[in-house]
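I opened this entry to record what I looked up, item by item. The order follows my own reading, beginning with a term I needed throughout.

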Amino acid sequence: MDICGKREMDLLQQLGFTRTAGSPEELQAAEILKAQCEALGAPAILQPFEIEDAEVTECTLEILEPYCQSYPVTGYKCAQNTFGDGLEAEFLYVEDADQVSLSAAKGKIVLVNGFMRVPLFRKLMKAGVAGIVTMEGELRDDRGETDLATRKLRRTLRAFGNVPMAHTRVLDAFDMVKRGACKARLVLKNTLVERTSHNVIATVLGTEKPDEIVSFGAHYDSVDFSKGVYDNGAGSVINMEILRYFVENPPRRTVKFVWYGSEEIGLEGSWAYVKGHKEELAAHQLMVNVDVGGPVLGMDKVTVTGEEKLVHFAEYMSKICALPAAVRQGIYSSDSIPFADSGIPAINFSRDGAPGAAYIHNRFDTLSFLSAEALEKTTRLVLEISRALINGRVFPVERTVPQNMVEEVEKYLYKKELAEVAEEK
Ligand SMILES: [Zn+2]
């Protein structure tokens with residue numbers, strides 16, 4: 001088997017620059033992937049799709065009582081703008097938004113622990129807060145050596161309401177609470193913009209069953225400040241190596257390779273793909289997704305969003321091929337979700353860093369903790385498992401998503417909560 005970690009590392013180096021959703025750098029990465037497919041002899045296309053974004057022109061947070069101080073914050077894209085001189089209101093730390101804290105939160109600018117998520121946002125909207133401040137980082141952060149990301153209030157969240165929102169560092173939130181901040185002014189100005197992102201698609205037709213498709217997916221976008229090599233330049237180059245294998249060793253069934261754009265802002269590329277390929281989806285038997293890979297210290301994981309039999313098969317293959325992996329049935333927060341939501345089973349591969357041995361979604365996601373050997377190992381696992389299925393006389397995986405997995409996908413997508421709020425309206 002001609003799999004080469006060194007070659008994967010070379011391509012990963014080429015992709016190792018920040019490439020956020022819809023940016024010129026993301027397009028540049030798409031062009032690199034496309035050119036690479038073509039160099040291998042697999043024609044590729046770029047498929048554009050529109051994404052929603054915003055430009056934040058102003059965001060400030062000032063504590064007015066019992067002391068006066070401004071703190072560095074970033075504004076939430078797509079959150080409601082403030083009017084005039086900004087939103088001046090009482091300031092309250094509501095921890096994890098428990099009932100007691102929220103009983104006093106109406107009309108206030110509230111500070112909450114951690115990032116925003118649907119259940120938390122829903123509670124805050126019900127409590128009638130006027131503004132929200134979230135936080136990230138660690139107390140020991142050095143400002144010069146860490147970054148504060150610009151976050152977005154996603155459409156799913158906006159279904160529950162909208163207020164001005166800012167994001168601050170844990171060390172500043174700590175200072176506000178310790179000094180008893182009780183009144184604040186929040187200013188947010190942002191404008192919606194439409195941007196274009198791209199999926200890169202290459203196909204190798206099956207020699208015997210061209211109408212049956214197994215699709216390989218990996219997102220190639222990154223978040224702000226991150227070189228996005230672990231997440232997910234690694235998956236991108238692993239799939240390129242798998243494509244190379246199938247170009248050289250034509251598969252019995254058709255294999256499709258899609259490098260998804262804009263995964264990091266809500267799986268936008270894979271949603272666009274399933275929406276734009278409704279007819280073709282009927283031919284998809286299985287989606288194979290690779291998201292995060294390459295850490296020297298880590299563990300290969302296989303997450304099967306499909307029947308139990310596929311879990312056992314993947315476990316057996318891992319043992320037979322002496323490629324250790326932790327295999328389980330479950331969902332994985334990545335581009336396999338829109339496929340599972342469309343009734344297509346998926347198998348997700350990841351090599352997760354050992355605790356303390358990998359960095360994700362920040363400036364420390366660099367090549368420094370990755371190796372060619374680790375990339376190659378995951379690639380072999382992906383290839384061994386997928387090739388056996390793709391070249392099977394009969395495709396053995398049942399083309400359904402079992403009920404327990406359907407329920408997990410629905411939970412992940414907050415379908416129940418969204419239906420409830422739609423009904424209230
Ligand atoms: Zn990822």
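I call a residue buried under 20% relative accessible area, exposed over 50%, and partly exposed in between (1.4 Å probe, protein chains only). The model is predicted, so I noted that local features need pLDDT of at least 70 and side-chain atom pairs count only at pLDDT 80 or more, while totals for chains, interfaces and linings use all residues. Residues are numbered from 1 along each chain as its sequence is written, and side-chain values use heavy atoms, with hydrogens and water left out.

**Entry 1: the chain**

I listed 14 helices and 14 strands in the chain. Helices (H or I, at least four residues) and strands (E, at least two) are DSSP runs, numbered from the N terminus. The radius of gyration is 23 Å, which agrees with the value near 22 Å for a compact globule of 425 residues. For that check I took the radius over C-alpha atoms, and the globule rule is 2.2 Å times the number of residues to the power 0.38. Along the principal axes, the C-alpha atoms fill a box of roughly 75 × 45 × 40 Å.

Of the 425 residues, 56% are buried. I also looked at contacts (heavy atoms within 4.5 Å). Among those between residues at least 6 apart in sequence, 81% join residues at least 24 apart.

**Entry 2: the zinc ion**

Which atoms coordinate the zinc ion? I found His-219 (NE2), Asp-231 (OD) and Asp-291 (OD), with Asp-291 (OD) listed twice, at 2.0 to 2.7 Å. Donors are N, O and S atoms within 2.8 Å of the metal (3.2 Å for Na, K and Ca); water is not among the atoms, so sites may look incomplete.

The spacing of the donors along the chain is H-x11-D-x59-D. Asp-231 sits in helix α7 (residues 229–248) and Asp-291 in the loop between β11 (284–290) and β12, so the pair links distant parts of the chain, 60 residues apart. Both Asp-231 and Asp-291 are buried.

Why do I log the arrangement as irregular? The 4 donor atoms subtend angles of 51 to 143°. Four donors count as tetrahedral if all angles lie between 85 and 135 degrees; four count as square planar and six as octahedral if opposite donors are over 155 degrees apart and all others between 65 and 115; anything else is irregular.

**Entry 3: salt bridges**

I counted a salt bridge where a side-chain nitrogen of Lys or Arg lies within 4 Å of a carboxyl oxygen of Asp or Glu. The count comes to 29 salt bridges.

Asp-172 pairs with Arg-143, with the closest N and O atoms 2.7 Å apart. This pair links distant parts of the chain, 29 residues apart: Asp-172 is in helix α6 (residues 170–178), and Arg-143 is in the loop between β6 (131–136) and α5 (155–158). Asp-172 is buried at 4% relative accessible area, whereas Arg-143 is partly exposed at 39%.

Glu-376 forms a salt bridge with Arg-380, the closest N and O atoms being 2.9 Å apart. The two are 4 residues apart in helix α12 (residues 372–390), which means a separation of about one helical turn. Glu-376 is partly exposed at 22% relative accessibility, and Arg-380 is partly exposed at 23%.

Last, I noted a network of salt bridges that links Asp-2, Arg-7, Glu-241 and Arg-244.
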